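Visitor: I have a model open and would like to talk through its side-chain contacts. Could you take me around it, question by question?

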Amino acid sequence: MDNEIMVSIVCIAYNHEPYIRDCLEGFVNQKTNFKYEVIIHDDASTDKTADIIREYEKKYPDIIKPIYQKENQYSQGVKFGKKYIYPKLRGKYVAWCEGDDYWCDDTKLQQQVDALEAHPNAAICTHIVQSVTENNEPVDEFFPSIPIPEVIESKDYTALLLNENSYHFQTSCYLMRISMMREVIAREVEFLELAPVGDWPLQLFLSTKGDLCFINKLMSCYRRNVVGSWSSRIKRDQSVKINYRRRMIEALESFNRYTEGEFSDLVKKEILFHEFHLHLLEGNSNALLEKQYRDLYKAKLSHVERMYYFLDAKAPFVIKLYNEYAKNHKQKTKSAN
């Protein structure tokens, strides 16, 4: 029966051959007093990811429930979560982990379920996540980056999220009530549709529905800079960076309407943050000097950077001469070598 499953784990995989075993091992090694399932979606990987998933499917048929695509759905713009994954979820709770990330604590699910069972007003439970390299070497980067209380009430949770992502939680730590997920599926929540990413806006939505439970323990790992991942793509592609900032601004404006301006001051501050970085990306030096960005200008830029943008706005000919000099110097150095 469906109610025998306590947790449905959502895993999205694509060309994760070097990492998928770590991910799957983290799932099948969970020690729980309840049943759980893994709905893993392979988006037509061109490497051996699907073969490895089939290996685990055969070994753990009661746990591993794969969806194998013959054609890549992401490239076709298909919302495969809503179309293929979410209708299959049978648990009371849903957990998340991308195919290149992994869980490093075999009691993770049990601890999170116990926390949500004990706090019926909570919409989500999270914990500490650490970044690792492609080779599983730990990086001194944790999510969240600073300590937080074990329980945060709904409105305070929203306020934390609207704080330049200082309290960011990485997706592999999520455990949420399936009823909340079904509400997301059933409703076309505009700010969720507009956002360029899914995890942070989903948390914003959940924060309007209930409290946050937090377990102050490292229980999963986020793999940094995997080839083809969102984080690596946004770092190298200027157009992706610009699109990200614009869509975040649109999503925040939509969230402000969704909450009828309840968090208007915080939303406006967050929008300023994204506008500032958009001006940086687009080289709008004059805009960077505007009064509303003064604090960000001082906090986010080095002394040299501030001088550069000031001169670019007030004396652009100086920057033009500098760029020409730098270009010629680079060419001469290259020729000399």
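Visitor: Is C97 buried or exposed?
Guide: Keep in mind that this is a predicted model. Residues count as buried under 20% relative accessible area. C97 has a relative accessible area of 2%, so C97 is buried.

Visitor: Which cysteine has the sulfur closest to that of C97?
Guide: A disulfide would need the two sulfur atoms within 2.5 Å. The closest cysteine sulfur lies 4.1 Å from that of C97, which is too far for a bond, and it belongs to C23.

Visitor: And how far is C221 from the nearest cysteine sulfur?
Guide: C221 counts as buried because its relative accessibility is 6%. C221 is in no disulfide, and the nearest cysteine sulfur is the one in C104, at a distance of 4.0 Å.

Visitor: How many disulfides does the count come to?
Guide: The cut-off for a sulfur pair is 2.5 Å. C97 misses it, with C23 at 4.1 Å, and C221 is in no disulfide either. By this rule the number of disulfides is 0.

Visitor: Let's turn to the rings. How many aromatic pairs does a search of the whole structure find?
Guide: Two rings pair if their centres lie within 6.5 Å. With the whole structure searched, the number of aromatic pairs is 11.

Visitor: What geometry does the pair of F27 and W103 have?
Guide: The ring centres of F27 and W103 are 4.9 Å apart, with 75° between the planes. Planes over 60 degrees apart count as edge-to-face. The geometry of F27 and W103 is therefore edge-to-face.

Visitor: How many residues apart are F27 and W103?
Guide: Both F27 and W103 are buried. F27 is in helix α1 (residues 20–28) and W103 in strand β5 (residues 102–103), so the pair links distant parts of the chain. Along the sequence they are 76 residues apart.

Visitor: Which residue lies over the face of W103?
Guide: A charge over a ring calls for NZ of Lys or CZ of Arg within 6 Å of the ring centre. Here the distance to the ring centre of W103 is 4.7 Å, and the residue is K108.

Visitor: Whose ring face does R54 lie over?
Guide: R54 is 4.3 Å from the ring centre in question. The limit for such a contact is 6 Å. The ring belongs to Y68.

Visitor: Why is the pair of F191 and F255 edge-to-face?
Guide: F191 and F255 are both buried. Their ring centres are 5.1 Å apart. The pair is edge-to-face because the planes stand at 85°.

Visitor: Which helix holds F255?
Guide: F191 sits in helix α7 (residues 190–194), 64 residues from F255 in the chain. The two rings also belong to a cluster in which ring pairs link F191, F205, F255, Y258 and F263. F255 itself is in helix α10 (residues 238–258).

Visitor: On to charges. How many salt bridges does a search of the whole structure find?
Guide: The rule asks for a side-chain nitrogen of Lys or Arg within 4 Å of a carboxyl oxygen of Asp or Glu. Across the whole structure, the number of salt bridges is 15.

Visitor: How far apart in sequence are E37 and R90?
Guide: The side chains of E37 and R90 meet in a salt bridge at 3.0 Å, N to O. E37 lies in strand β2 (residues 35–42) and R90 in the loop between α3 (80–85) and β4 (93–96). The bridge ties together parts whose separation is 53 residues.

Visitor: Is E37 buried or exposed?
Guide: Its partner R90 counts as partly exposed, at 32% relative accessibility. E37 has a relative accessibility of 1%, so E37 counts as buried.

Visitor: Which residues are linked in a network of salt bridges with E193?
Guide: E193, in helix α7, meets K79 at 2.4 Å, N to O. E193 also forms a salt bridge with K82, where the closest N and O atoms are 3.1 Å apart. The residues linked with E193 are K79 and K82.

Visitor: Finally, which residues make the nonpolar surface patch of about 300 Å²?
Guide: One member, L321, is found in helix α15 (residues 316–336). L321 is exposed, with a relative accessible area of 54%. The patch is made by F317, V318 and L321.

How values were computed
Residues numbered from 1 in each chain as written. Predicted model: local features only at pLDDT ≥ 70, side-chain atom pairs only at ≥ 80, totals over all residues. Heavy atoms only, no water. Phe/Tyr/Trp six-rings, centres within 6.5 Å; stacked < 30°, edge-to-face > 60°. Helix = DSSP H or I, 4+ residues; strand = E, 2+ residues; numbered from the N terminus. Buried < 20%, exposed > 50% of the residue type's maximum accessible area, 1.4 Å probe, protein only. Lys NZ or Arg CZ within 6 Å of the ring centre and 35° of its normal. Patch = residues over 30% accessible without salt bridge, like charges linked within 9 Å, V, L, I, M, F, W, Y side chains within 5 Å. Areas by Shrake-Rupley, 256 points an atom, 1.4 Å probe, with all protein chains shown as cover.
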